[in-house]
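Open the model in your viewer and keep the selection panel at hand. The stops below are meant to be taken in order.

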Amino acid sequence: MDKGPVHDIEFTLNGETRSDRIAARQLLVHFLRDDLGLRGPKIGCDTGHCGACTVRYDGGTIKSCMMLAVQADGAEITTVESMSSDGDMNDLQESFRQHHGLQCGYCTSGMLMSSQFLLERKPKPTEQEIRAGIQGNLCRCTGYVNIVKAIKAASGQEVSR
Amino acid sequence: MTAPAQTEIKTPTWTGQSLPRKEDERLLKAQGAFVDDEGIYRMGYAHFVRSPKSFPLMSAKPRLWAGSSPPSPVMRSRR
């Protein structure tokens, strides 16, 4: 299929610099998933509501279905794949597992991205701050209580089992 | 009348225990395979068109389209 106008971009993905030719109309999430084969960013709603496609963008977080791939030019993008690059899960992932912070696992990548960002800004968040930090991520299994617990435990705070 | 002797209730080993799930690790590492992750040869996508009318007549039958959004059929009442 004709891609239409294309652009050459250069960006950093999970610590690796790469350059790609991208269709001007392509969304970042489609580029990451379809062209680069990453499974981390998920497409839940394609309208910016669910947060399943959340990735780190220059230290912050963005919903990658709300951005064109060409806007990644010069940016530093990190996906959930970077969390376990050496094969082992990091503390946050381990905490999600221990506290059953996931059920079907579809929102999990986005939740991990948002909570990683939250913990960088607030190393010891209160429950209210955690809930505010993940308000852009929807969990259709409604497992929020355990997600909040997992994030709280990952910050080194006491949680009830 | 005497009350029946109390029997000791033994807690079964599994009930109430927090058990780690087998599938969590791959889901947390984004290695889970949901349908959209895998892709299947000739996989199609479904679009649901909502009708403002109940049991309407449709002016155009949905078919394959090339653009980014499907053509919306016009719905009208039967009476």
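The tour goes from the contact between two chains to the contact between two domains.

This is a predicted model, in which local features need pLDDT of at least 70 and side-chain atom pairs count only at pLDDT 80 or more, while totals for chains, interfaces and linings use all residues. Residues are numbered from 1 along each chain as its sequence is written, and chains are lettered from A and ligands numbered from 1 in the order in which they are written.

**Stop 1: chain B against chain A**

Select chain B and show chain A beside it. Here 13 residues of chain B are in contact with 16 residues of chain A (C-beta atoms, placed from the backbone, within 7 Å). Next, pick out helix H1 (24-28) and helix H2 (35-38) of chain B, the elements that give two or more residues to this side of chain B. Helices (H or I, at least four residues) and strands (E, at least two) are DSSP runs, numbered from the N terminus. H1(B) gives the most, with 4 residues.

**Stop 2: the two domains of chain A**

Now hide chain B and colour chain A by domain: domain 1 is 6-82 and domain 2 is 84-154, with bounds from an automatic or database domain assignment. Their centres, taken over C-alpha atoms, are separated by 21 Å. Domain 1 of chain A brings 17 residues to the contact, and domain 2 of chain A brings 12 residues.

**Stop 3: the domain 1 side**

Select strand S3 (54-57) and strand S4 (60-63) of chain A. These are the elements that give two or more residues to the side of domain 1 that touches domain 2. S3(A) gives the most to that side, with 3 residues.

Terms used: Contact = placed C-beta atoms within 7 Å.
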